[in-house]
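Subject: Structure handover

Hello,

Here is the structure we spoke about, with the sequence alongside. My notes on it follow below.

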Amino acid sequence: MTDKMAEPIIAPYDGPAGGWGSAGSLAEILTREQIPLSGAALLMKQNKPDGFMCTSCAWAKPAKPAAFEYCENGAKATAWEQTAKRVGPDFFARHSVTELLTWTDYALEEKGRLTHPMRYDPGTDHYVPVTWAEAFSQIGTALRGLDPASVVLYTSGRAALETSYMYGLFARLYGTNNLPDSSNMCHEPTSVGLKASIGSPVGTTVLEDFESTDLILFFGQNVGSNAPRMLHPLQDARKRRVPIITFNPLRERGLERFTNPQSVVEMATRTSTEISTQYLQVKAGGDIAAITAMCKWLIEADREAERVGRPRLLDAAFIAEHTHGFSAFAAFCDGQDWATLEARSGLTRSALEAAATVYARARAVIGVYGMGLTQHRKGTEAVQMLVNLMLLRGNVGRPGAGLCPVRGHSNVQGQRTVGITEKPELAPLDRLKDLYGFEPPREKGLNTVEACEGILDRSVKAFIGLGGNFVRAIPDTVRMEEAWRHMDLTVQISTKLNRSHLINGAAAYILPCLGRIEVDAQASGPQAVSMEDSTSCFHGSRGVTQPVSAEVRSEPWIVAELAKATLTPNPKVDWDGWVGDYATVRAAIEATYPDVFKDLEGRMFDPGGLRKPVPARARQWETPTGKANFVVPEGLDENPDMPKRHADVLDLMTLRSNDQFNTTVYGYDDRFRGVKGTRTILFMNADDIDRLGFRDGESVDVRTEAHDGIERVVRGLRIVAYGIPPGNCGGYYPELNPLIPLGHHDEQAMTPAAKAIPVRIVRAGP
Ligand SMILES: Nc1nc2c(c(=O)[nH]1)N[C@H]1C(S)=C(S)[C@@H](COP(=O)(O)OP(=O)(O)OC[C@H]3O[C@@H](n4cnc5c(=O)[nH]c(N)nc54)[C@H](O)[C@@H]3O)O[C@H]1N2
Ligand SMILES: Nc1nc2c(c(=O)[nH]1)N[C@H]1C(S)=C(S)[C@@H](COP(=O)(O)OP(=O)(O)OC[C@H]3O[C@@H](n4cnc5c(=O)[nH]c(N)nc54)[C@H](O)[C@@H]3O)O[C@H]1N2
Ligand SMILES: [Mo]
């Protein structure tokens, strides 16, 4: 099955982010997914205090929402989930798994919502219907026969706090901390880096800070595609003349210009707001060098100011009272020479000094960042380097200032808050022991990369996925797919068919679940669920549409049934009671974390949500030094072997288009980057194309430059000459994941280094 695609068109896009292009793209998907006009009414409930929380990104939900508090991509996510199309037993009877494996990611998910529990039948190579009771009894029997240490329980970041809490408890009652999650591939360097630097593993800003900030720094986050609602506070800030300085190898349209598609005036007059006031096209992996340069300039200028008696540039009082390690950090900056800083960052000294000057003048600064900082071999250090810059002027823990990691999945941060973690020290194990009278496992569990290693060496025997598309999202796709088939059991709890359902263990199950937008009726009536946004606010969410089929079940119910089928009964854990009334799960969450979830039940529908206490926000530094720590990086590169590479080796960034949510491909257009009708492209710098002897538009193969003897290649990518720094190239995730060696990950957080993969471009093979 191939997708119906017109001839690809590559042409620069002149429009702003948002605007009429956004309205058109949305109308198209509502029609394609056969969403009736009530779809528009449905969107009115999106991100409203009494409605449902968007299933797309985790950006904050304002207390006073706009009439339409959704964006193009949030609406696409809703349309994709609420599609009228269905994938039921008849679909699986028509298509064998071997046939489905030849379909694209787009084609698989586009067929519609999963409606029945299914089991893989190796005899016929088809999925066949199974009753829920049979499925749980078979899975439970299999799990009871396995060593819990050989079972992995993965979570994609969408499941609600209630489901996640139950799932984590199930894993620990079963006997394992093997709870990898999507954040292992995403903002783990935030959890590790911020914790070590400022003692809180999450961002320190809330929405109101954007109203009083006077400078926003933007590192490696593509707001226009991945968190478009965030463009509204940015536009408001720009209207107050707040400068925005962006560090990004690509000139992303959402960071250049924005037209609010919900403003009648802006739409009618085709006016747009300039977003970035300075745009620094840093090299991929060059942020540590760029930030070091800014710090170096500041520290030197501050010394000079002090010497001549002018106002200081550093916040000396803050540094003295609140921080640790300043002198070592200053010495590190002093030790760097400008030529190297320029070469490593790919930026000129004057551009870096200009940025530092604006930073030095701003009273309150917000540092925003995303995957451009985290998905590197030194991703944690890159995050900490941004913290260093912020600490120099006391920009953490006061109004209008702070760190703003933009989280991915809509509840990825919340899952951590309720115990989804492979690190036993981050889970309230003693509390669980007291509440439920069992001995929780104390050994460290497997994170995502370690789970993959275990699947490769066959020590992992079973995989349960609570959402997500693990096989497609992880590195080293080809090796992993081969190893995956050696597992005894794979279970996928999901809404849509994806590649992870088709690469099977010996026994494989698909358990279809309700999406967040559907009404979830249980014994006590329709249920609400809750989640945490990027700014640490908890929100309630109520389903509003009819379930896609009578056979689908809620995620909490599925987790409870799995637990009941696997575990010996524990009188202190009332799975059925919890499923009957989710308020009782929230009570259990509050009992486990009384300080964090104080009155969750009473406050989750408050406008703006219930705010979680973040100690660093109040300048309480929960670090071993009791202070905020300056952390000296080991070197200047996010990828330490970069400067040693042959000039023909390029650093490949894997990117999201404007028409996808992670492995979910909504379509083949990347409007803002001027790509239409294809995803098999390779963005390259025009000089590199010449230098390496290729032509724009030519089809090439891309090979990883690894030294482990394993060949990794993706064939047939079309070169697109693009405004990208020399030495870098870019293409789409997940198509390029076969190129990422599993061992190419952040040294501390183990996040795959998906933003700088060393590759060689070669003429297309036969
Ligand atoms: N519509 C939509 N929304 C989404 C998602 C989606 O796929 N689609 N995914 C969700 C998830 S799970 C996540 S984690 C977030 C991801 O959202 P982002 O954090 O924006 O992640 P990416 O799309 O991978 O883009 C990273 C950006 O960093 C830039 N970049 C790459 N390398 C570097 C570098 O070395 N330095 C710097 N400074 N910049 C660099 C790229 O050019 C790109 O603009 O979005 C979430 N929201
Ligand atoms: N090369 C490269 N690789 C990357 C990245 C990158 O930038 N580059 N980014 C990484 C990042 S940041 C992330 S977060 C991961 C994402 O990895 P995952 O979270 O594992 O992947 P998704 O694509 O978000 O998962 C999509 C599937 O989730 C299921 N689903 C959707 N909604 C629901 C629901 O409500 N409930 C349940 N149970 N299932 C549902 C559907 O079946 C759908 O097919 O990928 C990582 N991989
Ligand atoms: Mo993510």
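In this predicted model, the C-alpha centres of domain 1 and domain 2 lie 26 Å apart. The two domains touch: 20 residues on the domain 1 side are in contact with 23 residues of domain 2. As for the bounds, the assignment puts domain 1 at 13–81 and builds domain 2 from two segments, 86–180 and 426–612. Domain 3 covers 188–406, and domain 4 covers 649–763.

Overall figures

The chain contains 30 helices and 34 strands. Its radius of gyration is 25 Å, close to the 27 Å that the globule rule gives for 766 residues, so the chain is as compact as a globular protein of that length. Along the principal axes, the C-alpha atoms fill a box of roughly 80 × 60 × 55 Å.

Of the 766 residues, 65% count as buried. If you take the contacts in the chain with a separation of 6 or more, 79% of them are between residues 24 or more positions apart. The accessible surface comes to about 26200 Å², and carbon and sulfur atoms hold 54% of that. On charges, there are 83 positive and 92 negative side chains, with the centres of the two sets 3 Å apart.

Helix α9

Helix α9 spans residues 188–198, and nine of its eleven residues are buried, so the helix is largely enclosed by the rest of the structure. The buried residues are Glu188, Pro189, Thr190, Ser191, Val192, Gly193, Leu194, Ser197 and Ile198. What covers them? The cover includes the strands β14 (365–369), β15 (402–405) and β24 (628–629). It also includes the helices α19 (371–374), α20 (379–392) and α21 (412–417). Directly after α9 comes Gly199, with a positive phi near 85°.

Gln375, between α19 and α20

Two of the helices that cover α9, α19 and α20, are joined by a loop that holds Gln375. Gln375 has 7% relative accessibility and therefore counts as buried, the cut-off being under 20%. Leaving out residues up to four places away in sequence, Gln375 touches Met185 and a run of residues made up of Thr751, Pro752, Ala753, Ala754, Lys755 and Ala756. For a distance in another direction, Gln375 and Met480 are 105 residues apart in sequence and 20 Å apart in space, C-alpha to C-alpha.

Backbone geometry

Most residues other than glycine have a negative phi, and most peptide bonds are trans. Three places in this chain are worth listing against that background.

- Met750 has a positive phi, near 65°. Met750 sits in the loop between β33 and β34, and its relative accessibility of 17% makes it buried.
- Pro734 is in the loop between β33 (728–732) and β34 (757–763) as well. The peptide bond leading into Pro734 from Tyr733 is cis, with omega near 5°.
- Asp599 also has a positive phi, near 55°. Asp599 belongs to the loop between α28 (582–592) and α29 (600–603), and at 38% relative accessibility it counts as partly exposed.

Two further positions

Which loop holds Leu426? Leu426 lies between α21 and α22 (429–436). With 47% relative accessibility, Leu426 counts as partly exposed. Leu426 and Arg416 are ten residues apart along the chain, and their C-alpha atoms are separated by 8.6 Å.

Is Val264 buried or exposed? Val264 counts as exposed, at 67% relative accessibility. Val264 is part of helix α13, which runs over residues 264–269. Between Val264 and Arg251 there are 27 Å in space, C-alpha to C-alpha, for a sequence separation of 13 residues.

In short

The chain is as compact as a globular protein of its length, and 65% of its residues count as buried. Helix α9 is largely enclosed. The loop between β33 and β34 holds Met750 and Pro734.

Regards

Notes:
Residues numbered from 1 in each chain as written. Chains lettered and ligands numbered in written order. Predicted model: local features only at pLDDT ≥ 70, side-chain atom pairs only at ≥ 80, totals over all residues. Heavy atoms only, no water. Helix = DSSP H or I, 4+ residues; strand = E, 2+ residues; numbered from the N terminus. Rg over C-alpha atoms; globule rule 2.2 N^0.38 Å. Buried < 20%, exposed > 50% of the residue type's maximum accessible area, 1.4 Å probe, protein only. Contact = heavy atoms within 4.5 Å. Areas by Shrake-Rupley, 256 points an atom, 1.4 Å probe, with all protein chains shown as cover. Lys, Arg positive; Asp, Glu negative; His and termini not counted. Charge placed at Lys NZ, Arg CZ, Asp CG, Glu CD. Domains from an automatic or database assignment.
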